[in-house]
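Here is a short briefing on one protein model. It covers internal spaces, helix packing and unusual backbone geometry.

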Amino acid sequence: MRRDHGGDIDAAAARYGGGDWIDLSTGINRRPWPIGALPDHAWRALPTAASCDRLGRVAADWFGCDPAHVLPVAGATAAIQLIPRLLPPGRAAVLSPSYNEHAASLRAAGWSVTDAPDPDDMEGADLAVVVNPNNPDGREFSRARLTDLAGRVGRLIVDESFADPRPDLSLAGAVPDNAVILRSFGKFWGLAGLRLGFVIAAPDLLARIAQAAGPWSVNGPALEIGARAMADRAWADDATVYHSEAGLRLDRIARRAGWHSVGGTHLFRLYDTPDAAAAQDALAQARIWTRRFPYSDTWLRLGIPGNRAEWDRLIAALGPA
């Protein structure tokens with residue numbers, strides 16, 4: 001069964017017509033890291049242990065953790081789907097509302113899943129899943145609170161897919177023995193097509209995940225691009241500053257349109273609107289695609305425009321103040 005997600009510009013174009021669409025539905029950085037030319041071996045040779053280790057070291061330096069605790073994987077979603085199948089099924093508590101792939105993957109692997117509005121409701125669960133900062137409302141949970149939660153559940157999964165601009169929130173540097181941290185590459189660096197992510201956990205669990213994923217699970221171009229991009233601290237600093245300021249600007253524009261901020265992260269903002277379907281439709285007429293949620297008639301999520309032309313189109317589509 002197809003699950004509700006952002007993206008799917010093809011469906012938007014089928015409904016509203018073709019054209020130059022701006023996809024603000026996903027929370028993926030629209031100012032991607034510039035790839036440039038890649039060496040031939042990244043394309044022609046099978047990925048090597050050395051190239052995987054290189055990326056692991058660069059990523060560990062970015063995350064602030066031991067390289068022995070980092071495993072590159074073919075996207076954070078791949079890990080979300082795989083890990084529940086490697087653990088004995090039991091009772092899982094998943095932060096709600098949140099990224100819907102977690103609960104769906106757990107149920108598909110035979111877990112009993114309870115929606116938990118707050119981490120305090122997860123005590124005693126065999127597995128607890130928290131997205132930090134949360135998607136779609138941007139709720140944040142401190143390291144101390146999550147470390148405490150790890151001590152009150154069997155295992156804790158923390159999805160930090162939107163945490164790259166917020167290292168102060170990350171558990172990666174002191175991951176509890178029973179915790180698993182998931183990180184996405186494609187969102188912050190704006191290269192989701194690479195399908196690259198990371199699992200941060202105890203080495204014994206990483207070995208099981210690597211065995212289940214099989215050889216060459218991360219392709220050569222992803223290993224090369226990931227290592228280069230994650231070592232580019234100047235670009236990352238500029239991206240963080242841009243999105244910090246751009247998020248505030250988007251909030252001001254939304255307020256003028258009569259929307260109220262619910263929250264968000266550096267890469268997306270969530271608004272309470274009078275009618276999310278009508279708001280999405282109005283923006284789609286201008287070929288701007290946004291994200292609605294099946295559990296709310298008023299919430300609308302927007303990613304951050306990437307350049308002046310995109311800002312101008314968004315402002316024009318929302319109408320005068």
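A cavity here is a set of grid points where a 1.4 Å probe fits but cannot get out. Its volume is the space filled by probe spheres set on those points. The model is predicted. By that definition, the largest cavity has a volume of about 60 Å³. The largest pocket, an open space, holds about 860 Å³.

**Annotated domain**

- The UniProt record, an unreviewed entry, lists residues 58–318 as "domain: Aminotransferase class I/classII large".
- Within residues 58–318, helix makes up 40% and strand 22%.
- The C-alpha atoms at the two ends of this span are 42 Å apart.

**The cavity**

- How many cavities of 30 Å³ or more does a search of the whole structure find? The search finds one.
- The elements giving two or more residues to the lining of the largest cavity are α4 (76–86) and α5 (101–108).
- Which element gives the most to this lining? It is α4, with four residues.
- The lining residues include Ala79, Ile80, Ile83 and Pro84.
- His102, Leu106, Val129, Ile157 and Leu182 also line the largest cavity.
- By class, the lining has eight nonpolar residues, one polar residue and no charged residue.

**The pocket**

- The largest pocket, with about 860 Å³ of space, is lined by 44 residues.
- Closest to the pocket centre are His5, Tyr99, Asn100, Glu101 and Asn135.
- Several elements each supply at least two lining residues: α4, β3 (91–95), α5, α7 (186–189) and β12 (291–293).
- The most comes from α5, which gives four residues to the pocket lining.
- The pocket lining divides into 20 nonpolar, 14 polar and 10 charged residues.
- Both α4 and α5 thus appear in the cavity lining and in the pocket lining.

**Helix packing**

- Two packed helices are described by the angle between their axes and the distance between the axes.
- Helix α3 (residues 49–63) and helix α9 (residues 220–230) have axes that come within 9 Å.
- The axes of α3 and α9 cross at roughly 30 degrees. Angles under 35 degrees count as roughly parallel, so α3 and α9 are roughly parallel to each other.
- The α3 and α9 crossing is left-handed.
- How do α4 and helix α8 (residues 203–213) cross, and at what angle? Their axes come within 10 Å and cross at roughly 110 degrees.
- That angle falls in the range of 65 to 115 degrees, so α4 and α8 are roughly perpendicular to each other.
- The crossing of α4 and α8 is right-handed.
- Helix α10 (residues 233–256) packs against helix α12 (residues 308–318) at an angle of about 15 degrees, with the axes 11 Å apart. That makes α10 and α12 roughly parallel.
- The α10 and α12 crossing is right-handed.

**Backbone geometry**

- Most residues other than glycine have a negative phi, and most peptide bonds are trans.
- Where is the phi positive in a residue that is not a glycine? Trp216 has a positive phi, of about 55 degrees.
- Trp216 sits in the loop between α8 and α9.
- The peptide bond from Ser96 to Pro97 is cis, with omega near -5 degrees.
- Pro97 lies in the loop between β3 and α5.
- Another cis peptide bond joins Asn135 and Pro136, with omega about 25 degrees.
- Pro136 is placed in the loop between β5 (127–131) and α6 (143–150).
- Asn135, a partner in that cis bond, is also one of the residues closest to the centre of the largest pocket.

Conventions: Residues are numbered from 1 along each chain as its sequence is written. This is a predicted model: local features need pLDDT of at least 70, side-chain atom pairs count only at pLDDT 80 or more; totals for chains, interfaces and linings use all residues. Side-chain values use heavy atoms; hydrogens and water are left out. On a 1 Å grid over the protein atoms alone, a cavity is a set of points where a 1.4 Å probe fits but cannot get out, and a pocket is an open set with protein on both sides within 12 Å along at least five of seven lines; lining residues have an atom within 4 Å of a point. Ala, Val, Leu, Ile, Met, Phe, Trp, Tyr, Cys and Pro count as nonpolar, Asp, Glu, Lys and Arg as charged, and the others, Gly among them, as polar. UniProt positions are given in the numbering used here, feature names are shortened, and annotations may be inferred rather than shown by experiment. Axes are lines fitted to C-alpha atoms, for helices over the stretch in contact, and angles run from 0 to 180 degrees between N-to-C directions. Angles under 35 degrees count as roughly parallel, over 145 as roughly antiparallel, 65 to 115 as roughly perpendicular and the rest as oblique. A crossing is left-handed if the near helix is turned anticlockwise from the far one by less than a right angle, and right-handed if clockwise.
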